[in-house]
Amino acid sequence: SRSVSTVQDHPRFTVQDCHYQLLSQNEDAHMALESLTEPHGYPAMRSKQISHKPCQLTLQRLRQIISAHQLVDLNRPSPASGRTFLQVCCAADVNEASLVRCCQYLIDHGADPNVYCIREE
């Protein structure tokens, strides 16, 4: 006897679901990184009444974000800011040594410095 498969059993939907999960992981990783680099947390939450909070980006925290969000596409721009991981790190207000270590780590793991952000295209 033949079993009738539903449309949702088609391999296309499995691939599509996996793709959406990867996009979601990538967006979560971007938000985690941007929350460390923005002076007042996520950009939409900025307010003039909040005092300046120093950037909390370190190589160790960057490694934790990348390892916590496996299979992150470092060259995909963030949906919220339009910037790649490398651009977010370069814009961070940290000391030069920490900035170089973070950028070198990203480049060693596949980040391409020649990728445009969304607003540059």
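Cys89 sits in helix 3. The model around this residue is predicted. The protein has four helices and zero strands, and along the sequence they follow the pattern α-α-α-α. This briefing starts with Cys89, then turns to the other cysteines, the loop before helix 3, and the protein as a whole.

**Cys89 and its surroundings**

- Cys89 counts as buried, because its relative accessibility is 0% and the cut-off for buried is under 20%.
- Leave aside the neighbours within four places in sequence, and Cys89 is in contact with Leu33, Leu57, Leu62, Leu99, Cys102, Cys103 and Leu106.
- Leu36 is 53 residues from Cys89 in sequence. In space, the C-alpha atoms of Leu36 and Cys89 are 9.6 Å apart.

**Cysteines and disulfides**

- A disulfide is a covalent bond between the sulfur atoms of two cysteines.
- How many disulfides does the count come to? With a cut-off of 2.5 Å between sulfur atoms, the count comes to zero disulfides.
- Cys89 is in no disulfide. The nearest cysteine sulfur belongs to Cys102, and it is 5.2 Å away.
- Why does Cys90 have no bond to Cys103? The sulfur of Cys103 is the closest cysteine sulfur to that of Cys90, but the distance is 3.5 Å, so the two are too far apart for a bond.
- Is Cys90 buried, partly exposed or exposed? Cys90 has 44% relative accessibility, so this residue counts as partly exposed.

**The loop between helix 2 and helix 3**

- Helix 2 spans residues 59–68 and helix 3 spans 85–90. Ser78 lies in the loop between them.
- Leu71 and Ser81 have their places in this loop too.
- Ser78 is buried or exposed? Ser78 counts as buried, because its relative accessibility is 2%.
- A polar atom of the Ser78 side chain lies 3.4 Å from the backbone nitrogen of Ser81.
- Ser81 is also buried, with a relative accessible area of 11%.
- The side chain of Ser81 makes a polar contact with the side chain of Glu34, at 2.6 Å.
- Leu71 is exposed, because its relative accessible area is 70% and the cut-off for exposed is over 50%.
- Most residues other than glycine have a negative phi.
- Leu71 is not a glycine, yet it has a positive phi of about 60°.

**Rings and charges**

- The structure holds zero aromatic pairs.
- What sits over the ring of Phe13? The charged end of Arg12 does, 4.6 Å from the centre of the ring.

**The protein as a whole**

- The protein has 121 residues, and buried residues make up 31% of them.
- Which share of the accessible surface belongs to carbon and sulfur atoms? They account for 53% of a surface that comes to about 8,300 Å².
- Take the contacts with a separation of 6 or more. Residues 24 or more positions apart account for 67% of these contacts.

**Putting it together**

- Cys89, in helix 3, is buried and has Cys102 and Cys103 among its contacts.
- Cys89 is nevertheless in no disulfide.
- In the loop between helix 2 and helix 3, Ser78 and Ser81 are buried, whereas Leu71 is exposed.

Technical notes: Residues numbered from 1 in each chain as written. Predicted model: local features only at pLDDT ≥ 70, side-chain atom pairs only at ≥ 80, totals over all residues. Heavy atoms only, no water. Helix = DSSP H or I, 4+ residues; strand = E, 2+ residues; numbered from the N terminus. Buried < 20%, exposed > 50% of the residue type's maximum accessible area, 1.4 Å probe, protein only. Contact = heavy atoms within 4.5 Å. Areas by Shrake-Rupley, 256 points an atom, 1.4 Å probe, with all protein chains shown as cover. Polar contact = N/O pair within 3.5 Å; in protein donor to acceptor, adjacent residues only side chain to side chain. Phe/Tyr/Trp six-rings, centres within 6.5 Å; stacked < 30°, edge-to-face > 60°. Lys NZ or Arg CZ within 6 Å of the ring centre and 35° of its normal.
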